[in-house]
Amino acid sequence: MVHEDLPQPPPPLRENARSDWLLDQRIAFLNHGSFGAVPRVVFEEHNLWRQRIESEPVEFIVRRMPDLIADVKNKVGSWLGMSAEDFGFVTNATEGINAVLRSLDFQSGDELLTTTHVYNAVRQAMRYVAGKSKATYREIDVPLPVESGDQVAEVVLKSISAKTRLLVIDHITSPTALIFPVEKIIAGCSARNVDVLIDGAHGPGMLPLNVSRLGAAYYAGNLHKWACAPKGSAFLWVRPDRQSRVHPLVISHHFETGFSKEFAWQGTRDFGAWLAIPKAIAFLADLGFERVMAHNHALAVWTGAMLCQSWRVEPISPPDGRVLGSMVTVPLPAPLDRLDESQAKALWQRLYAEHQIEVPVMQWAGRTFVRPCCQVYNTPADCRRLSEAVDSLRNG
């Protein structure tokens with residue numbers, strides 16, 4: 001049912017929060033979920049580390065980098081519930097997922113399983129690996145609307161077969177912005193002797209997270225999205241009993257010398273991005289981790305209700321927001337609800353060029369949606385602007 005009684009939007013976390021960011025003031029930036037956006041202090045910290053490294057590359061990269069990275073890992077691990085020996089840095093969650101998929105040995109008849117909500121890059125990686133090994137790739141249909149996490153868990157667990165070797169499941173889905181009940185799914189898979197790889201691209205910084213307590217075999221998470229670190233900051237955590245079989249995509253000097261050591265050196269790259277991660281954690285800590293998450297969640301829930309009411313469309317998840325984090329996916333109203341790929345891309349571009357709104361336009365199961373993302377710099381006015389822009393485009 002479309003919402004009739006619209007609650008009040010949350011108050012700003014702090015006044016003029018937008019000034020803490022480098023974002024173009026003209027743009028209603030409702031797309032933090034795609035690539036993130038770094039606060040000014042994190043941008044400056046990243047540049048500072050780059051300058052230090054370039055002042056004496058050998059000193060920093062060869063002599064000092066191992067200890068510097070170890071210090072960063074301790075800080076990240078303390079925040080996210082991971083032992084420093086159990087995870088390594090990668091450039092994005094997709095790289096971490098690829099490292100797992102391409103390290104494992106699958107045989108003809110094995111099944112790689114995910115859902116229809118899978119991120120497309122992960123879908124393609126799974127298809128590639130399945131094809132190379134003559135294994136089977138299959139997607140579980142989790143239809144919309146989703147009523148509860150329990151419903152999702154039931155659908156997923158009922159779909160596991162005797163051939164399932166690995167389940168790849170999103171912590172928060174990319175196209176539909178839904179929190180999946182990963183703890184319940186992991187427990188059910190464990191009882192069936194099926195390993196679980198969590199795509200946690202949106203997890204760190206959006207949800208309270210203790211990675212090791214989840215019990216998955218593998219967890220890949222981005223730090224450049226909701227944790228607000230520089231682009232190229234992400235991690236792959238592997239449960240200790242699975243570490244011997246997992247290697248980075250780049251095999252380098254430390255092959256077969258231990259999981260943590262292999263991931264610590266994958267060749268020359270922008271180490272400054274990783275070294276600036278503690279500044280991003282400190283920035284969020286200063287705002288208050290729980291306050292940030294609560295604000296972003298409340299704004300996303302309000303935005304979903306407001307857009308559904310304005311466009312007279314049905315929500316794809318419960319209106320109380322219990323399966324939402326800091327993003328919400330909303331169906332577009334007719335005649336924009338059934339666009340083809342080129343039309344959806346044109347709409348996305350028009351929203352930006354004509355209305356100065358940056359928001360993802362998503363296609364899923366033959367329907368077209370928008371997925372506004374809510375970060376501390378966003379305001380209700382940004383979201384109302386999206387509502388009015390879509391109204392003008394559908395009536396124009």
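What volume does the largest cavity have? In this predicted model, the largest cavity has a volume of about 130 Å³. A search of the whole structure turns up 2 cavities of 30 Å³ or more, and here is a friendly tour of both, followed by a helix pair and a serine.

**The cavities**

Rolling a probe the size of a water molecule over the atoms shows where empty space is left. The largest cavity is lined by 17 residues, and those closest to its centre are Gly 304, Pro 315, Ser 317, Leu 324 and Val 328. Helix 12 supplies the largest share of this lining, with 4 residues.

The second largest cavity has a volume of about 30 Å³. Its lining consists of Ile 69, Lys 73, Phe 87, Gly 88, Phe 89, Ser 260, Phe 263, Ala 264 and Trp 274. Two or more of these residues come from each of helix 3 (57-80), strand 2 (87-90) and helix 9 (259-264).

The table sets out the linings by residue class.

| Cavity | Volume | Lining by class |
|---|---|---|
| Largest cavity | about 130 Å³ | 11 nonpolar, 6 polar and no charged residues |
| Second largest cavity | about 30 Å³ | 6 nonpolar, 2 polar and 1 charged residues |

**Helix 11 and helix 12**

Helix 12, already met in the lining of the largest cavity, also packs against another helix. How do helix 11 and helix 12 lie, roughly parallel or roughly perpendicular? The axes of helix 11 (residues 277-287) and helix 12 (residues 289-311) come within 5 Å and cross at roughly 80°. Angles of 65 to 115 degrees count as roughly perpendicular, so the two helices are roughly perpendicular to each other.

On the helix 11 side, the contact is made by Ile 281, Leu 284, Ala 285 and Leu 287, which meet Phe 289, Arg 291 and Val 292 of helix 12. By class, this contact holds 6 nonpolar residues, no polar ones and 1 charged residue.

**Ser 326**

Following the chain onward from helix 12, we come to the loop that leads to strand 9 (330-331), and Ser 326 sits in this loop. Is Ser 326 buried or exposed? The relative accessible area of Ser 326 is 1% and buried means under 20%, so this serine counts as buried.

Which residues does Ser 326 contact, leaving aside its neighbours within four places in sequence? They are Met 206, Trp 226, Asn 296, His 297, Ala 300, Pro 372, Cys 373 and Cys 374. As for Met 306, its C-alpha atom is separated by 15 Å from that of Ser 326, and the two residues are 20 residues apart along the chain.

Methods: Residues numbered from 1 in each chain as written. Predicted model: local features only at pLDDT ≥ 70, side-chain atom pairs only at ≥ 80, totals over all residues. Heavy atoms only, no water. Axes fitted to C-alpha atoms, helices over the stretch in contact; angles between N-to-C directions. Parallel < 35°, antiparallel > 145°, perpendicular 65-115°, else oblique. Contact = heavy atoms within 4.5 Å. Nonpolar A, V, L, I, M, F, W, Y, C, P; charged D, E, K, R; others polar. 1 Å grid on protein atoms, 1.4 Å probe; cavity = no way out; pocket = protein on both sides within 12 Å on 5 of 7 lines; lining within 4 Å. Points joined across faces, edges and corners; volume = space filled by probe spheres on them. Buried < 20%, exposed > 50% of the residue type's maximum accessible area, 1.4 Å probe, protein only.
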